[in-house]
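Biologist: I am new to this structure and would like a close look at a single part of it. Please take one buried aromatic residue and lead me outward from there, step by step.

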Amino acid sequence: MNEIRALGTLERKMATLHDVQGNAQTTSLLTLGQQLDETRLAKAMTRWLQLNPALMLTLNNQQDAFTEAPAVGQLHELDLAEVAHDKALESLIQAVLNTPLQPQRQLCSVLLIQQQDTAISHIALTCHHALVDGHSLAYLLDQLLHCYHNLTHSERSELAPAIESQLERARGTAATLPSHMGWPVVTQAKPAQRHTRFCRQTIEQDALVALKAIAKHSDSALNTVLTYILTQAIKQVHSTGKLRLLMAISLRQRTSVKSASSALGCLIAVSALDMPGSTNWPTFARQFDQQLAQTIDAELGYVPPMDEQSLLRLRQSADNPSRFGCDFAMTNHGVVQFDTARHGVVVREYANFANRNAGNVGIACHLATSGHRLNCVFTYCEPLMSTAMAQQINALFSRQVSAFIEQYQEIYHEAS
């Protein structure tokens, strides 16, 4: 096998931080308004893989390099499953999240799920984090649907270059992040003993419009509003006064050479932010947005070297956590759109899920806007966090959304 290229420093960090016992992958679930033909989708997947040779690569963990992989039979064939109802679908998705990819054998998998009670199909696309970010996942699903509709024409994708070579900002000295005591782990367990679970909810269009209007009126962003609401929800079940957030930041628009929409890669950085202690929304928004801007300017432009000793320390710290490194994490995939006319199928919903069996994050929220609705997926792992506590946070978040809109209804009307 021939080496394609070594992972970039940011990709090496992402791959390593997610690499312990199956946390290296992310799964997007696409819900369609009709049942797909299994034979046709299998043919479409063959064409799709031809257009995306990067998906046929493997990852050499010793040298942190992408390598060419010969065709290996069934490894990249379409997987099939049937479920009878929504509960069975949830159980199946949890099983997918807890089935790690083997990067030395494959970096992606596609599962077609036929749901009997509703006569609809779901496509679950699972990819290794070293290869994709949220934009890449949505692009790949869009392309797969296009291949299903038209097996002869589609756009070929390429592997994006290592992102740090494109960063605009001058290299400097990276500030050391302060140690974080974090959310105490009640029951310690090695990654192999953990089990990823999730709970989810939808913010409907009217509420989403209201939240955006409040954010705009406050000279802030929807992400800041949602971070504030989730912070208030977590504080009700958290015993400490301070919270730390891990936020994924896309670098696709922050590089000197813009990446093509078809370029695959994990072009993101993850920044740790200390949440403002204020419970007042305007104050929180001002302090949080200032901190985020400073983080982007001061930290994301510098990529410290990642030698083998640093990689080893990261793996060891992830393997034996005594406390969470961060209390919660947020990733926003933005607006995900699929062209019904182009694909010949109706997309009903898009949601993203993450494996949580490694790393030291208490609970993570993955956001994606599809069809003018915001899908919120909370992922966590037992026994580090109980399902009861995660469900409580999920319910509190929902109530906090309604309470926030009601509290700032006057601002919302003015902004409208």
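Modeller: Tyr350 has a relative accessible area of 0%, so Tyr350 is buried, and I should say at once that the model we are looking at is a predicted one. The ring of Tyr350 forms an aromatic pair with that of Phe338, with 6.1 Å from centre to centre and 40 degrees between the planes, which makes the pair tilted. Because Phe338 lies in the loop between strand S13 (326-335) and helix H9 (340-343), whereas Tyr350 belongs to strand S14, the pair ties together parts that are twelve residues apart in sequence. Phe338 also counts as buried, since its relative accessibility is 13%, and the limit for that word is under 20%.

From Tyr350 we can widen the view to the sheet that holds S14, which is an open sheet of five strands in the order S5-S6-S7-S2-S14, with mixed pairing. Strand S14 (347-354) stands at one edge and strand S5 (79-83) at the other, each having a single partner strand, so one side of each is left without a neighbour in the sheet. On average, and with direction ignored, neighbouring strands of this sheet are turned by 20 degrees against each other. The partner of S14 is strand S2 (residues 25-32), which runs antiparallel to S14 and is joined to it by seven bridges; within this pairing, Thr27 stands opposite Phe353 in S14.

Two helices can now be placed against these strands. Helix H2 (residues 38-51) packs on the sheet and touches S5, strand S6 (108-115) and strand S7 (120-128), with a direction that makes about 165 degrees with that of S6. Helix H4 (residues 134-149), in turn, lies across S2, S6, S7 and S14, and runs at about 135 degrees to S7, so that the strand carrying Tyr350 is among those that H4 crosses.

If we follow the chain onward from S14, we come to Arg356, which is located in the loop between S14 and strand S15 (361-370). Arg356 counts as buried because its relative accessibility is 12%, and its side chain makes a polar contact of 3.2 Å with the side chain of Thr379. Although Arg356 and Ala24 are 332 residues apart along the chain, their C-alpha atoms are separated by 9.1 Å.

Another buried residue, Asn52, is found in the loop between H2 and strand S3 (58-60), and its relative accessibility is 0%. Leaving aside residues up to four places away in sequence, Asn52 touches Tyr139, Leu140, Gln143, Ser157 and Leu264, and with Gln143 there is a polar contact of 2.4 Å between the two side chains.

To return to the aromatic rings with which we began, the count for the model comes to nine aromatic pairs. In one of these, Phe284 and Phe288 have ring centres 5.7 Å apart and planes at 10 degrees, so this pair is stacked. These two residues are four residues apart in helix H7 (residues 281-298), and therefore about one helical turn separates them. Phe284 is buried, with a relative accessible area of 0%, and Phe288, at 1% relative accessibility, counts as buried as well. Both belong to one aromatic cluster, formed by Tyr228, Trp281, Phe284, Phe288, Phe404 and Tyr408.

Note on methods
Residues numbered from 1 in each chain as written. Predicted model: local features only at pLDDT ≥ 70, side-chain atom pairs only at ≥ 80, totals over all residues. Heavy atoms only, no water. Pairing = 2+ DSSP bridges. Axes fitted to C-alpha atoms, helices over the stretch in contact; angles between N-to-C directions. Contact = heavy atoms within 4.5 Å. Buried < 20%, exposed > 50% of the residue type's maximum accessible area, 1.4 Å probe, protein only. Polar contact = N/O pair within 3.5 Å; in protein donor to acceptor, adjacent residues only side chain to side chain. Phe/Tyr/Trp six-rings, centres within 6.5 Å; stacked < 30°, edge-to-face > 60°.
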